[in-house]
Amino acid sequence: MDHLDQLEAQSVFILREAYRTLKPLAMLWSLGKDSNVMVWLAKKAFMGRVPFPVMHVDTGKKFPEMYKFRDEYAQKWDLDLLLGECPPVEEMDPSLPPAARSAARKTAGLAAMIEKHKLQGVIAGIRRDEQGTRAKERVFSPRGASHKWDIRNQPPEFWDQYATPHEEGMHIRVHPLLSWREIDIWRYIEREGIPLVDLYFSKNGKRYRSLGDSDITFPVESNASTLAEVIRELETTKTSERAGRAMDHESEDAFERLRVAGYL
């Protein structure tokens with residue numbers, strides 16, 4: 001087995017463990033590269049069909065290309081798609097910086113969907129390498145009844161044994177891509193032929209490294225217009241994956257405050 005085979009096998013195991021131990025279970029589908037890899041892995045794990053719903057927590061501010069991709073591939077991949085809306089920004093914590101306050105809408109929208117569908121497990125496509133706060137996560141990460149993440153009270157995970165504690169009102173966030181790196185994601189996409197939103201590829205000298213809301217996500221300078229060129233660029237670049245995310249350039253603690261409150 002090569003490196004990608006090992007990552008794939010680990011993720012498939014995590015997805016099957018989540019399906020075995022957590023019901024009801026759903027997967028977050030943000031329409032970006034990581035969540036598309038996650039859907040692909042779930043199809044591999046369960047004989048070609050994702051056996052649980054996928055959720056899109058819709059802020060109403062995604063790029064048109066993302067909505068087009070969602071509608072096309074929800075049908076092509078035969079996904080049980082659940083759509084949820086987000087509350088207005090005026091209802092979010094006014095002490096947050098502007099971009100983080102806008103992103104907090106997704107936290108509230110996700111909490112509403114978890115409560116509506118009484119979910120015990122939510123699969124999310126975060127990776128440790130993309131942001132320092134996410135590096136503190138576990139593969140199976142419990143959230144209390146208020147959806148908050150107790151960063152100082154995470155269960156140990158030894159020898160691929162994952163705890164699934166359950167108390168009234170709590171749920172588990174499952175992170176099958178936690179050990180993947182950005183370049184692993186792209187190499188796997190190339191190997192498997194996984195479809196993507198074309199905003200990831202350069203147009204007029206710019207491309208998106210990370211996709212989010214159109215008003216708080218910006219492209220970076222790049223001439224990489226093919227999968228091979230993106231991979232070559234990632235082998236040498238010093239630019240952060242989230243360089244185009246406005247909230248990552250705000251106050252130092254803004255992202256961790258969002259994560260503790262239940263952000264993805």
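Where does K118 lie? K118 sits in the loop between α4 (98-117) and β4 (121-123). Keep in mind while looking around that this is a predicted model.

**Backbone oddities**

K118 is a handy place to start. Its phi is near 50°, a positive value in a residue other than glycine. With 64% relative accessibility, K118 counts as exposed, because the cut-off for that is over 50%.

L31 is another residue with a positive phi, here about 80°, although it is not a glycine. Look for L31 in the loop between β1 and α2. Is L31 buried or exposed? L31 is buried, with a relative accessible area of 0%.

Then there's G193, which comes just after α5 and takes a positive phi of about 70°.

Here are the three side by side:

| Residue | Phi | Where to look |
|---|---|---|
| K118 | near 50° | loop between α4 and β4 |
| L31 | about 80° | loop between β1 and α2 |
| G193 | about 70° | just after α5 |

A peptide bond deserves a glance too. The one from K23 to P24 is cis, and its omega is near 0°. You'll find P24 in the loop between α1 and β1.

**Helix α5 and its surroundings**

Now turn to α5, which runs over residues 182-192. Of its 11 residues, 8 are buried, so α5 is largely enclosed by the rest of the structure. Which residues of α5 are buried? They are E182, I183, D184, I185, W186, Y188, I189 and E192. The cover over these buried residues includes α1, α2, β7 (206-207) and α6.

Two of those neighbours are worth a closer look. In general, a pair of packed helices is described by the angle between the axes and the distance between them.

Take α2 (residues 33-45) to begin with: its axis and that of α5 come within 10 Å and cross at roughly 55°. The two helices are therefore oblique to each other, and α2 passes α5 in a left-handed crossing. On the α2 side, the contact is made by K33, D34, V37, W40, L41 and K44, while α5 brings in E182, I185, W186, Y188, I189 and E192. Sorted by class, this contact of α2 with α5 has 7 nonpolar residues, 5 charged ones and no polar ones.

The other neighbour is α1. It packs with α5 at an angle of about 95°, with the axes 11 Å apart. That makes α1 and α5 roughly perpendicular to each other. Here α1 offers H3, L4, D5, L7 and E8, and α5 answers with D184, R187, Y188, R191 and E192. The residues of the contact of α1 with α5 divide into 6 charged, 3 nonpolar and 1 polar.

**The nonpolar core**

Finally, the inside. How many residues does the largest nonpolar core have? It has 57, and the ones with the most contacts inside it are M27, W29, V37, F140 and W186. Several elements each supply at least two residues of this core: α1 (3-21), β1 (25-28), α2, α3 (64-76), β6 (171-174), α5 and α6 (227-234). Which element gives the most to this core? That would be α2, with 7 residues.

V37 and W186 tie this back to the helices, as V37 of α2 and W186 of α5 are both among the residues that make the contact between these helices.

Terms used. Residues numbered from 1 in each chain as written. Predicted model: local features only at pLDDT ≥ 70, side-chain atom pairs only at ≥ 80, totals over all residues. Heavy atoms only, no water. Axes fitted to C-alpha atoms, helices over the stretch in contact; angles between N-to-C directions. Helix = DSSP H or I, 4+ residues; strand = E, 2+ residues; numbered from the N terminus. Parallel < 35°, antiparallel > 145°, perpendicular 65-115°, else oblique. Left-handed = near helix turned anticlockwise from the far one by under 90°. Contact = heavy atoms within 4.5 Å. Nonpolar A, V, L, I, M, F, W, Y, C, P; charged D, E, K, R; others polar. Core = buried A, V, L, I, M, F, W, Y, C linked by side-chain atoms within 4.5 Å. Buried < 20%, exposed > 50% of the residue type's maximum accessible area, 1.4 Å probe, protein only.
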